[in-house]
Amino acid sequence: MDVKTTVSLLLLLLVGLCTAHDGEDADNEISADESSTEDMTTTILRMNNGSADFLLEGDVMVPRTRSAMKCFNQKYSCLWPKSANGNVEIPFRLSAKYDNAEKQTILRAMKAFEGKTCIRFIPRRIQRAYLSIEPRSGCSSLMGRLGDKQVVSLQRYGCISHGVIQHELLHALGFYHEHTRYDRDQYIRINWENIDAYHMHNFKMKDSDFLNTPYDYSSIMHYGRTAFGKFRSETITPIPDPSVNIGQRDSLSDIDILRINRLYKC
């Protein structure tokens, strides 16, 4: 092999290595080109596909210091406390990695809680318990108040949308997914044959308090029809009317707002 050929091969190898490195440096970002046509659950599960964290129901992070279920033990307080002014003030810190447009989208989603609830997201000063909103891999949150720094992951290019942000913030406020209510079998049919055994735990019913509110197909916490489905097959079918829309991605429903107000005694 002559010198000219050797140099050419080395250059091709170098270009290939640089291209591979550039792909790895994309902050593990997953394309969100499909997000405008898919339901919110599909977006969240797609974004979380490469997450290294163990996530319950697709987007609920399991804290390392306790189990997620212990959060709702009588001995534990996982609600954010009320301030002297009667509002529930939740400190947050927003990562500098977001650009201005992304920051504004996140802040607008937070601000939308204010007009209809007593929830107020306030910039963190010295508070020990606070939300750290970061562009980690995927869209996920811890359940309820941890009592220390807790991450809400909103990955860039996929998780920065009004509905996804509010969905994850509701987890941080202490809310489960709607499809896990213990009375859900009166309102939806779980198509177990369309779910891999590995994912069946994501449909386990929770003995949670739904605050004397009706089942809400329009909740921003409701899974979409194909969540965890084999080859995108339907896993959740509304009953008795299978045509009912589920898995909306726009904003808090009226019943979501009612539940926030009842849980936090707004």
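Mentor: Two strands pair if DSSP finds at least two bridges between them. Keep in mind that this is a predicted model.

Trainee: In which sense do S5 and strand S7 pair?

Mentor: S7 covers residues 149-154. It shares 5 bridges with S5. One of the facing pairs is Ile-133 with Val-152 in S7. The sense of the pairing is parallel.

Trainee: How many bridges join strand S3 to S5?

Mentor: S3 spans residues 88-94 and runs parallel to S5. Phe-92 has Leu-131 in S5 as its bridge partner. The number of bridges joining S3 to S5 is 3.

Trainee: Which residues of S5 point the other way from Tyr-130, Ser-132 and Glu-134?

Mentor: In a regular strand, side chains alternate between the two faces of the sheet. S5 runs over residues 130-134, and 5 of its 5 residues are buried. Tyr-130, Ser-132 and Glu-134 point one way. Pointing the other way are Leu-131 and Ile-133.

Trainee: Is Gly-147 buried or partly exposed?

Mentor: Gly-147 sits in the loop between strand S6 (139-141) and S7. Buried means under 20% relative accessible area. The relative accessible area of Gly-147 is 21%, so Gly-147 is partly exposed.

Trainee: Leaving aside neighbours within four places in sequence, which residues is Gly-147 in contact with?

Mentor: Start with Gln-127, 20 residues apart from Gly-147 along the chain. Their C-alpha atoms are separated by 9.8 Å. Beyond the four-place window, the contacts of Gly-147 are Arg-128 and Ala-129.

Trainee: Are H3 and H4 roughly parallel or oblique to each other?

Mentor: The axes of H3 (residues 100-111) and H4 (residues 162-173) come within 9 Å. They cross at roughly 55°, and the crossing is right-handed. Angles under 35 degrees count as roughly parallel, and 65 to 115 as roughly perpendicular. H3 and H4 are therefore oblique.

Trainee: How many residues of the contact of H3 with H4 are charged?

Mentor: From H3 come Thr-105, Ile-106, Arg-108, Ala-109 and Met-110. They meet His-162, Ile-165, Gln-166 and Leu-169 in H4. The contact holds 5 nonpolar and 3 polar residues, and the charged count is 1.

Trainee: What do the buried residues of H5 pack against?

Mentor: H5 covers residues 254-263. Its buried residues are Ile-255, Asp-256, Ile-257, Arg-259, Ile-260 and Asn-261. They pack against strand S4 (119-123) and H4.

Trainee: Which residue just after H5 takes a positive phi?

Mentor: Look just past the helix. The phi there is about 50°. The residue is Lys-265.

Methods: Residues numbered from 1 in each chain as written. Predicted model: local features only at pLDDT ≥ 70, side-chain atom pairs only at ≥ 80, totals over all residues. Heavy atoms only, no water. Axes fitted to C-alpha atoms, helices over the stretch in contact; angles between N-to-C directions. Helix = DSSP H or I, 4+ residues; strand = E, 2+ residues; numbered from the N terminus. Parallel < 35°, antiparallel > 145°, perpendicular 65-115°, else oblique. Left-handed = near helix turned anticlockwise from the far one by under 90°. Contact = heavy atoms within 4.5 Å. Nonpolar A, V, L, I, M, F, W, Y, C, P; charged D, E, K, R; others polar. Buried < 20%, exposed > 50% of the residue type's maximum accessible area, 1.4 Å probe, protein only.
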